[in-house]
Amino acid sequence: MSREAHVQFCESLGVRFPGATHRVVTCKSAAEARAAIDAARRILKQLGVELHPEKTRVVHVRYGFEFLGYKIKRGSTKLRLPESKIRSGLHAGALYAYPRPKSIRRFMDQVRQRTRRNLPLATPELIENLNPLLRGWGEYYKRAHVRTLFHRLDRWIVHRIWSHRLKRWRNNGRRQLPESLLYAEYELVNLVRLIPSLASQTL
């Protein structure tokens, strides 16, 4: 919905509209989707609200669409294992969700800010300041198709901490701060362990 003046006025008076004003409608055909948009326009016009012209569109699921920080589309890559051996229930051509690139870049920028080499923090303080960001972002995306992404980000975050500790990127941080120490003693949040199917295996 566009931010029309009457919407802003109502909210200023304490009338709260639903937080999620973005909607996704699934249809069997493009014609059915266009009919749904026309119906939504008629209904919303009676309420004095209009659809956002740039954010309202019809797309085929194979090309995907972005919604609340996710990229959702139908998979096209051939699975490596036969479906009979995949316990997650995933199958070729299934829908999957993935953090959109902009969300990943924003997250990495925030991690960089909290692990700058010139920050005057000891490693425990650095991790204590970093953990809420990791836990919040990881909890939000943990049910998406993120196992490979989380593995990559975990390794990158550890290298960021090593770089802060030794003030240079290429270093021997693995000897001074092994990952086992960071996760066990310093309680660094491990993104991969937030994934429900993997978290249950560590209990």
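This is a short conversation about helix packing and one salt bridge in a predicted model.

Guide: Welcome! The model is predicted, so local features need pLDDT of at least 70 and side-chain atom pairs count only at pLDDT 80 or more, while totals for chains, interfaces and linings use all residues. Residues are numbered from 1 along each chain as its sequence is written, and side-chain values use heavy atoms, with hydrogens and water left out.

Visitor: What makes residues 147-166 count as helix α5, and how does its reach compare with the span expected?

Guide: Helices are DSSP runs of H or I with at least four residues, numbered from the N terminus, and α5 has 20 residues. The expected span is 1.5 Å times one less than the number of residues. For α5 that gives 28 Å, and the helix reaches 29 Å from its first C-alpha to its last, close to expectation. Just after α5, K167 takes a positive phi of about 65 degrees.

Visitor: Why is α4 called roughly antiparallel to α5?

Guide: Angles run from 0 to 180 degrees between N-to-C directions, with axes fitted to C-alpha atoms over the stretch in contact. Helix α4 (residues 123-141) packs against α5 at about 165 degrees, the axes 12 Å apart. Over 145 degrees counts as roughly antiparallel (under 35 is roughly parallel, 65 to 115 roughly perpendicular, the rest oblique), so α4 and α5 earn the name.

Visitor: Which residues make that contact?

Guide: Contact means heavy atoms within 4.5 Å. Among them are L126, L130 and W137 of α4 and L153, I157 and I161 of α5.

Visitor: Why are α3 and α5 described as roughly parallel?

Guide: Helix α3 (residues 101-114) and α5 pack at about 20 degrees, with axes 11 Å apart. That angle falls in the parallel class, and therefore the two helices are roughly parallel to each other. I104, F107, M108, V111 and R112 in α3 meet L149, L153, W156, I157 and R160 in α5.

Visitor: And what angle do α3 and α4 make?

Guide: About 170 degrees, with the axes 10 Å apart, so α3 is roughly antiparallel to α4.

Visitor: How do you know that R41 and D38 form a salt bridge?

Guide: The term requires a side-chain nitrogen of Lys or Arg within 4 Å of a carboxyl oxygen of Asp or Glu. R41 and D38 meet at 3.7 Å, N to O, and the pair qualifies. Both lie in helix α2 (residues 30-46), three residues apart, about one turn of the helix. A search of the whole structure finds three salt bridges.
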